[in-house]
Amino acid sequence: MEAQTQNTSLQRLQNVEKTIVRVLELAGGVMDELANPTGPRKEFISTHCRDFMQMIKDIQFTLRNEIKSACEYRPFEKSDYSSRISNELCCSKLDYVLSQLDAMKLAIANYHLHHPSPPLPPPPPPPTV
């Protein structure tokens, strides 16, 4: 089943490639018609432009679907990619938290430097018995 899916996907991409060639031929035909010394034929230009736009939409639709289906694949079971990415994200988050804690320590130190605490009152005398 997997080989059949890949084959049809390859066939769809080959069809897109053929459509791109056809789109370029249409664009060239329109340019030739616009350069015609007797002037361009309006219906010819209109038909080719309409076909051009439809083919572009078809190409976009097919490529969008192929990209979407390629993203839905099941990752290779022995791949550690997702766990490595997850670890890298966690490390980045920890680095951020540590930088915020350092900034808080610095802010507290600056506060105490500019706002010294008043001296503590002397302790009360011990009770006499």
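E66 sits in helix α2 of this predicted model, a helix that runs over residues 42-71. With a relative accessible area of 9%, E66 is buried. Its side chain is still well occupied with partners. One of them is S9, whose side chain makes a polar contact with that of E66 at 2.5 Å. Another is R12, and here the two side chains meet in a salt bridge, with N and O 2.4 Å apart. Setting aside neighbours within four places in sequence, the contacts of E66 are S9, R12 and L13.

The E66 and R12 pair is worth a second look for where its two ends come from. R12 belongs to helix α1 (residues 2-34) while E66 belongs to α2, so the salt bridge ties together parts that are 54 residues apart in sequence. The two ends also differ in how they are placed: R12 is partly exposed, at a relative accessible area of 35%, whereas E66 is buried, because its 9% falls under the 20% cut-off.

How many salt bridges turn up in the whole model? The count comes to 3. Besides the pair just described, E25 forms a salt bridge with R22, and the closest N and O atoms there are 3.8 Å apart. That one stays within a single helix: E25 and R22 are 3 residues apart in α1, so about one helical turn separates them. Both ends are partly exposed, E25 with a relative accessible area of 48% and R22 at 37% relative accessibility. Then there is the bridge between the side chains of E33 and R41, with an N to O distance of 3.0 Å. E33 is buried, its relative accessible area being 6%.

Turning from charged to nonpolar side chains, what makes up the largest nonpolar core? It has 5 residues in all, namely V16, V23, L26, M55 and I59. Helices α1 and α2 each supply at least two of these residues, and α1 gives the most, with 3. So the two helices that the E66 and R12 salt bridge ties together are also the ones that supply this core. As general background, nonpolar side chains tend to be buried together in soluble globular proteins.

Within that core, L26 offers a handy view of the surroundings. Leaving out neighbours within four places in sequence, L26 is in contact with H48, D51, F52 and M55. M55 is itself a member of the core, so that contact links two residues of the set, because contact here means heavy atoms within 4.5 Å.

Finally, the cysteines. A search of the whole structure finds 0 disulfides. For C90, the nearest cysteine sulfur is that of C91, 7.1 Å away, and C90 is in no disulfide. Why does this pair not count as a disulfide? The sulfurs of C90 and C91 are 7.1 Å apart, and a disulfide would need them within 2.5 Å, so the pair does not qualify. As for accessibility, C90 is partly exposed, with a relative accessible area of 40%. C91 likewise counts as partly exposed, at 45% relative accessibility.

Methods. Residues are numbered from 1 along each chain as its sequence is written. This is a predicted model: local features need pLDDT of at least 70, side-chain atom pairs count only at pLDDT 80 or more; totals for chains, interfaces and linings use all residues. Side-chain values use heavy atoms; hydrogens and water are left out. Buried means under 20% relative accessible area, exposed over 50%, partly exposed in between (1.4 Å probe, protein chains only). A salt bridge is a side-chain nitrogen of Lys or Arg within 4 Å of a carboxyl oxygen of Asp or Glu. Helices (H or I, at least four residues) and strands (E, at least two) are DSSP runs, numbered from the N terminus. A nonpolar core is a set of buried Ala, Val, Leu, Ile, Met, Phe, Trp, Tyr and Cys residues joined through side-chain atoms within 4.5 Å. A polar contact is a pair of N or O atoms within 3.5 Å; within protein, one must be able to donate a hydrogen and the other to accept it, and residues adjacent in sequence count only if both atoms are side-chain atoms.
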